[in-house]
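Modeller: Please walk me through a structure feature by feature, with the general idea ahead of each case.

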Amino acid sequence: MKKLILILTLISSAITQNSFAQQDHAAHQAQSTSLLPLYYSVKDALVSGDAALAASKSGELAKAIKDTDVKVITNRDALLEHAGKIAESKDLKSQRMHFAGLSTDMITLAKTAKLSAEPIYQQYCPMKKSNWLSSEKAIKNPYYGSSMLTCGQVVETIK
């Protein structure tokens, strides 16, 4: 009888631990999936040439990065640095320069963590020699905005 109680206790404990692990993983997943829409809003602000909006959205992104568990983001400090520089700047040219670094780090994150159930398109600007992420295949270049809106190409689809 004691063996049966011991076995049932061990099984119950294992099930409980597995449940907590799944909840913990789901929480990390939810945290990291909120980063991509914020990144897209920074990109869209740069596409439209709105430096104030890019700064505001980048500030929101930086806050979300800070609030996300460190285990989820291995390149957290680099992401925070670039998002912070965009948030602090009111100069579109400077913001676009830091967006290249932010994009490189977001691409790394997108390839290591599941950020979206939808495909993520890695796009490349040959003039800037930099990549960015987009939720759509159509090119809308954040590095040059309206002056070269469709300059670029899809180089990879991250699923």
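Modeller: Let's begin with accessibility: is Cys125 buried or exposed?

Biologist: The general idea is a set of cut-offs on relative accessible area: buried means under 20%, exposed means over 50%, and partly exposed is in between, with a 1.4 Å probe and protein chains only. Cys125 has a relative accessible area of 0%, so this residue is buried. Cys151 counts as buried too, at 18%. Before we go on, keep in mind that this is a predicted model, in which local features need pLDDT of at least 70 and side-chain atom pairs count only at pLDDT 80 or more, while totals for chains, interfaces and linings use all residues. Residues are numbered from 1 along each chain as its sequence is written, and side-chain values use heavy atoms, leaving out hydrogens and water.

Modeller: How many disulfides does the structure hold?

Biologist: A disulfide is a covalent bond between the sulfur atoms of two cysteines. Here the test is a pair of cysteine sulfur atoms within 2.5 Å, and the structure holds zero disulfides.

Modeller: Why is the sulfur of Cys125 not in a bond with the closest cysteine sulfur?

Biologist: The closest cysteine sulfur belongs to Cys151 and sits 4.3 Å away, which is too far for a bond.

Modeller: Now the overall fold: what secondary structure does the protein chain have?

Biologist: Helices (H or I, at least four residues) and strands (E, at least two) are DSSP runs, numbered from the N terminus. This chain has five helices and three strands, in the order α-α-α-α-α-β-β-β. It has 159 residues, and 41% of them count as buried. The chain exposes about 8,900 Å², of which carbon and sulfur atoms supply 58%; such areas come from the Shrake-Rupley method with a 1.4 Å probe, and for residues only the protein chains shown count as cover.

Modeller: In what order do the three strands form the sheet?

Biologist: Strands of a sheet pair through backbone hydrogen bonds, either parallel or antiparallel. In practice, two strands pair if DSSP finds at least two bridges between them. In this model the open sheet has the order β2-β1-β3, with antiparallel pairing. β2 (130–134) and β3 (153–158) are at the edges with a single partner strand each, so one side of each has no neighbour in the sheet.

Modeller: How many bridges join β1 to β2?

Biologist: Five bridges join them, and Tyr124 stands opposite Asn131 in β2. The hairpin of β1 and β2 has four residues between the strands, and Lys129 takes a positive phi near 60° there. On the other side, β1 (residues 120–125) pairs with β3 over five bridges; Tyr121 faces Thr157, and Gln123 faces Val154. Five of the six residues of β1 are buried, so the rest of the structure largely encloses this strand.

Modeller: Which residues touch the most other members of the largest nonpolar core?

Biologist: In soluble globular proteins, nonpolar side chains tend to be buried together. The core is a set of buried Ala, Val, Leu, Ile, Met, Phe, Trp, Tyr and Cys residues joined through side-chain atoms within 4.5 Å. Here the largest one has 35 residues, and Tyr39, Leu61, Phe99, Leu102, Met106 and Leu133 touch the most other members. The elements giving two or more residues are α2, α3 (51–67), α4 (76–88), α5, β1 and β2, and α2 gives the most, with eight.

Modeller: What does Tyr39 touch?

Biologist: Contact means heavy atoms within 4.5 Å. Leaving aside residues up to four places away in sequence, Tyr39 touches Leu61, Phe99, Leu102, Ser103, Met106, Trp132 and Leu133.

Modeller: And how far apart are the C-alpha atoms of Leu46 and Tyr143?

Biologist: They are separated by 7.1 Å, although the two residues are 97 residues apart along the chain. Leu46 is in helix α2 and is buried, at 0% relative accessible area. Its contacts, not counting residues up to four places away in sequence, include Phe99, Pro142 and Gly145. Chain-wide, among contacts with a separation of 6 or more, 59% come from residues 24 or more positions apart.

Modeller: Where does Asn75 lie?

Biologist: Asn75 is in the loop between α3 and α4, and counts as buried at 12% relative accessibility. Asn75 touches Asp105, Thr108 and Leu109, again not counting residues up to four places away in sequence.
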